[in-house]
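Let's go through this model together, asking at each step what earns a feature its name. Here it is.

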Amino acid sequence: MRAWALLSVVLWSLAGVEPRRSSLFSNKGLVYGTVGHPGNSQINITNTGKLLVKNFMESLSGLYTCTLSYKTIKAETQEETTVKKRYDFMIFAYREPDYSYHMAVRFTTKSCVGRYNDLLFRVLKKILDNLISDLSCHIIEPSYKCHSVKIPDRDFVYELFIAFQVNPFAPGWKSMCNDSSDCEDTTNHNILKARDRIEEFFRSQAYILYHRFNKTIPAMHFVDHSFQVVRIDNCQPGFGKNEGLHSNCASCCVVCSPGTFSPDVDVTCQICVSVHTYGAKSCP
């Protein structure tokens, strides 16, 4: 027996879990379309059977059901049989995390007492801010502490332990996004360039120290190999990371599920039993 599948008409049924339906769907929650022709401007069924949804928002996340209906024909009797197959799957909105960098460096100093330590700290911050200002990045949460450090085979020396964070959201940063509300690609690209510039700045400090000074080394100078950098991931409000639930995309910021919310740029969705939607930013 031979059979042919008649796929000239395909019914895709998408039933979201939200009580309020999106404009993507009809009143019955269905999307109709033939192969290669969109059901509407945001949904398209490709020739290979893929369902493409444009501008997928967090409110569209949830349980989806796809029903494929087609007919088979027996070659001997020309008898037609309708076959229906149903597929249930979950779709979650997600986005790349927003990057920032925590950095730390050390400088030698004559003493932990005096105004010169604070002066160096403020000058350094200003230099770094100017270095990355064209990228709409800036230095936040700067701090320093002075400690006496025992160097092997030497006496105690004083060092400034300086820490700061490089952030991609300096005032006016939205102008870099070309009027797009979803521009983590741009901000993450800029923060990577800012990281590289700052790393090169401190690398040049070490080079200057060892190649441009003869025997007289300044009392306050960068400690070679003291530069440290750690990337920090932040998620937009309404999104968070959950390696257990989304192990196939553990580094992604995935929309908070019903029963959870995220009000800030933390990476964790918090419990809130009164939340019944996806992407909640507050707990009623």
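Q: What makes the contact between the side chains of Asp196 and Arg195 a salt bridge?
A: The distance from N to O is 3.0 Å. A salt bridge needs a side-chain nitrogen of Lys or Arg within 4 Å of a carboxyl oxygen of Asp or Glu, so the pair of Asp196 and Arg195 qualifies. In general, side chains of opposite charge can pair when their charged atoms come close.

Q: What should we keep in mind about where these values come from?
A: This is a predicted model, in which local features need pLDDT of at least 70 and side-chain atom pairs count only at pLDDT 80 or more, while totals for chains, interfaces and linings use all residues. Residues are numbered from 1 along each chain as its sequence is written, and side-chain values use heavy atoms, leaving out hydrogens and water.

Q: Why are Asp196 and Arg195 called partly exposed?
A: Buried means under 20% relative accessible area, exposed over 50%, and partly exposed in between (1.4 Å probe, protein chains only). Asp196 has 37% relative accessibility and Arg195 has 25%, so both are called partly exposed.

Q: Which residues are joined into one network by salt bridges that share partners?
A: Glu199, Glu200 and Arg203 are. By the same rule, the count of salt bridges comes to 14.

Q: How do you know that Arg197 and Asp134 form a salt bridge?
A: Their closest N and O atoms are 2.7 Å apart, so the pair meets the cut-off for a salt bridge. This pair links distant parts of the chain: Arg197 is in helix H2 (residues 184-211), and Asp134 is in the loop between helix H1 (116-132) and strand E10 (138-150), 63 residues apart. Arg197, at 27% relative accessibility, is partly exposed, and so is Asp134, at 47%.

Q: Why is Arg86 called exposed or buried, and what about its partner Asp88?
A: Arg86 has 59% relative accessibility, so it counts as exposed. Asp88, with a relative accessible area of 45%, is partly exposed. The two form a salt bridge, with the closest N and O atoms 3.1 Å apart.

Q: What makes a stretch of the chain count as a helix or a strand?
A: Helices (H or I, at least four residues) and strands (E, at least two) are DSSP runs, numbered from the N terminus. The protein chain has two helices and 16 strands.

Q: Why is Thr109 called buried?
A: Its relative accessible area is 8%, so Thr109 falls in the buried class. Thr109 lies in strand E9 (residues 98-109). Leaving aside residues up to four places away in sequence, Thr109 touches several others, among them Asn117, Cys146 and Tyr158; a contact means heavy atoms within 4.5 Å.

Q: How do you know that Cys256 and Cys269 form a disulfide?
A: Their sulfur atoms are 2.0 Å apart, and a disulfide is a pair of cysteine sulfur atoms within 2.5 Å, so the pair passes. With -80° about the S-S bond, this link is left-handed. Cys256 lies in the loop between strand E14 (253-255) and strand E15 (260-261), and Cys269 in the loop between E15 and strand E16 (270-271), so the pair ties together parts that are 13 residues apart in sequence. Cys256 is buried, at 0% relative accessible area.

Q: Why is the disulfide of Cys272 and Cys283 called left-handed or right-handed?
A: The torsion about its S-S bond is about 75°, so this disulfide is right-handed. The sulfur atoms of Cys272 and Cys283 are 1.8 Å apart. Cys272 is buried, with a relative accessible area of 3%, whereas Cys283 is partly exposed, at 39%.

Q: What makes Cys249 and Cys252 a disulfide, and how many are there by this rule?
A: The sulfur atoms of Cys249 and Cys252 are 1.6 Å apart, so the pair falls within the disulfide cut-off. The count by this rule comes to five disulfides. Cys249 is partly exposed, at 24% relative accessible area, while Cys252 is buried, at 4%.

Q: How many of the residues of the protein chain count as buried?
A: Of its 284 residues, 35% count as buried.
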